[in-house]
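Biologist: Walk me through this one, please. I'll keep asking what your labels rest on.

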Amino acid sequence: MYNIVSKSIIGSDRLLIEVEAPRVAASAEAGQFMVVMADADSRRMPVGICAINRERGTVSFSVCSKCSGEFANDSQQLYAVVGPLGNALPLEAGKVSGQRVVIAADRSGMANMLPVAQWLRAKGAVTDILMGAVDNAHVCMMEEAKAMADHLMLSTGSDYVADMAKTLVEMAQSNVYGCCVATGSIAMMQAVSERATMPVLVHVMGTTFDGSGMGGDGRVTVDGRVLSASIDGPFFDGKKVDFAELAAQSAALDSQRYTSTFAPSDGQHEYTELQTTLDPTKLHRIQPRRQTPETRIHNFDEVSAGFTE
């Protein structure tokens, strides 16, 4: 079990959790993620690491408070914390020193981008941060971002994604930025990648539904190749990502998600709410096979049998 140090509400709909995990904290790097379980029956939830405190031996992550009720209870422990997973920010320290880099973030990305900003500043990069949300209530980690940014910008409103993309187009035209790191919603990362004429690294975590590695989620097509967001990522070249496929995959993983279409020619962004008849509270949970680690390493009995049973 892993002790929870603190829980706090950030923005209007996110929960920030700091947990004791000394081994994860000792080796975690900017941009990596981990898998957490609230209890033995919870799904293995991949979450971005949004703070690393090596001295305290803690790491922090954020979850949507409305869809992750299992983390919002009074429990002071987590059943499992596994990490760090994925690859760290794929930028060379020597090359970013003195370079100007902009981070674009919305939704969960506003928390997940903090270690990236901290790493860039530590390596001597001039770091600008552009944050976006539908309104001020959904903005989170603003004070932390101010402390790490050389220049902080905020876009709010129903069309904030288009506004962020327009701002990044103007920034790219100045020819002073080496690259952009985008993290958060698929819609925002798509808009930024398609419009900004600078290299864009996107942090793809939103389509990884379960950390067991047994499902097809978490896959992303990059330059025609199917890759794993958890193994090959989570950072990819935004100019080569198939965002239409990502959006469709993301919408299929939840009972209520948002998809979007973006028209680079007119800069308009449209959100469409998807409704399904799936009621998660009425689903029957099938108990998985459970074995001790000593037994598990000698067989495949816990592997899903699919339609054979």
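**Labels and their cut-offs**

Modeller: Let's start with one bridge: Phe33 has Gly48 in strand 4 as its partner. Before going on, this is a predicted model, where local features need pLDDT of at least 70 and side-chain atom pairs count only at pLDDT 80 or more, while totals for chains, interfaces and linings use all residues. Residues are numbered from 1 along each chain as its sequence is written, and side-chain values use heavy atoms, with hydrogens and water left out.

Biologist: What makes strand 3 and strand 4 a pair?

Modeller: Strands are DSSP runs of E with at least two residues, and helices are runs of H or I with at least four, numbered from the N terminus. Two strands pair if DSSP finds at least two bridges between them. Strand 3 (residues 33–37) and strand 4 have four bridges, in the antiparallel sense, so by that rule they pair.

Biologist: Why do you say that both faces of strand 4 are covered?

Modeller: Buried means under 20% relative accessible area, exposed means over 50%, and partly exposed is in between (1.4 Å probe, protein chains only). In strand 4 (residues 45–48), Met45 and Val47 on one side are buried, and so are Pro46 and Gly48 on the other.

Biologist: Why are strand 5 and strand 7 called edges?

Modeller: Five strands form an open antiparallel sheet in the order 5-6-2-1-7. Strand 5 (51–53) and strand 7 (77–78) each have a single partner strand, so one side of each is left without a neighbour in the sheet. Strand 5 pairs with strand 6 (residues 58–64) over three antiparallel bridges, and Ile52 has Val59 as its partner there.

Biologist: How many cavities of 30 Å³ or more are there, and what makes something a cavity?

Modeller: On a 1 Å grid over the protein atoms alone, a cavity is a set of points where a 1.4 Å probe fits but cannot get out. The count comes to one of 30 Å³ or more. The largest cavity has a volume of about 60 Å³, and a volume is the space filled by probe spheres set on the grid points, which are joined across faces, edges and corners. Lining residues have an atom within 4 Å of a point; among them are Gly48, Met113, Thr183 and Phe235.

Biologist: How does that lining break down by class?

Modeller: It has five nonpolar, six polar and no charged residues. Asp, Glu, Lys and Arg count as charged, Ala, Val, Leu, Ile, Met, Phe, Trp, Tyr, Cys and Pro as nonpolar, and the others, Gly among them, as polar.

Biologist: Why is there no disulfide between Cys179 and Cys180?

Modeller: A disulfide is a pair of cysteine sulfur atoms within 2.5 Å. The sulfur of Cys179 is 7.4 Å from the closest cysteine sulfur, in Cys180, so that is too far for a bond. The structure holds zero disulfides. At 7% relative accessibility, Cys179 counts as buried, and Cys180, at 0%, does too.

Biologist: How do you know that the length of helix 6 agrees with its residue count?

Modeller: The expected span is 1.5 Å times one less than the number of residues. For the 14 residues of helix 6 (residues 160–173) that should be 20 Å, and the end C-alpha atoms are 20 Å apart, so it agrees. Ten of the 14 are buried.

Biologist: Why is Arg107 partly exposed but Asp223 exposed?

Modeller: Arg107 has 38% relative accessibility, so it counts as partly exposed, whereas Asp223 is exposed because its relative accessible area is 55%. Phi is positive in both, near 45° in Arg107 and near 55° in Asp223.

Methods:
1 Å grid on protein atoms, 1.4 Å probe; cavity = no way out; pocket = protein on both sides within 12 Å on 5 of 7 lines; lining within 4 Å.
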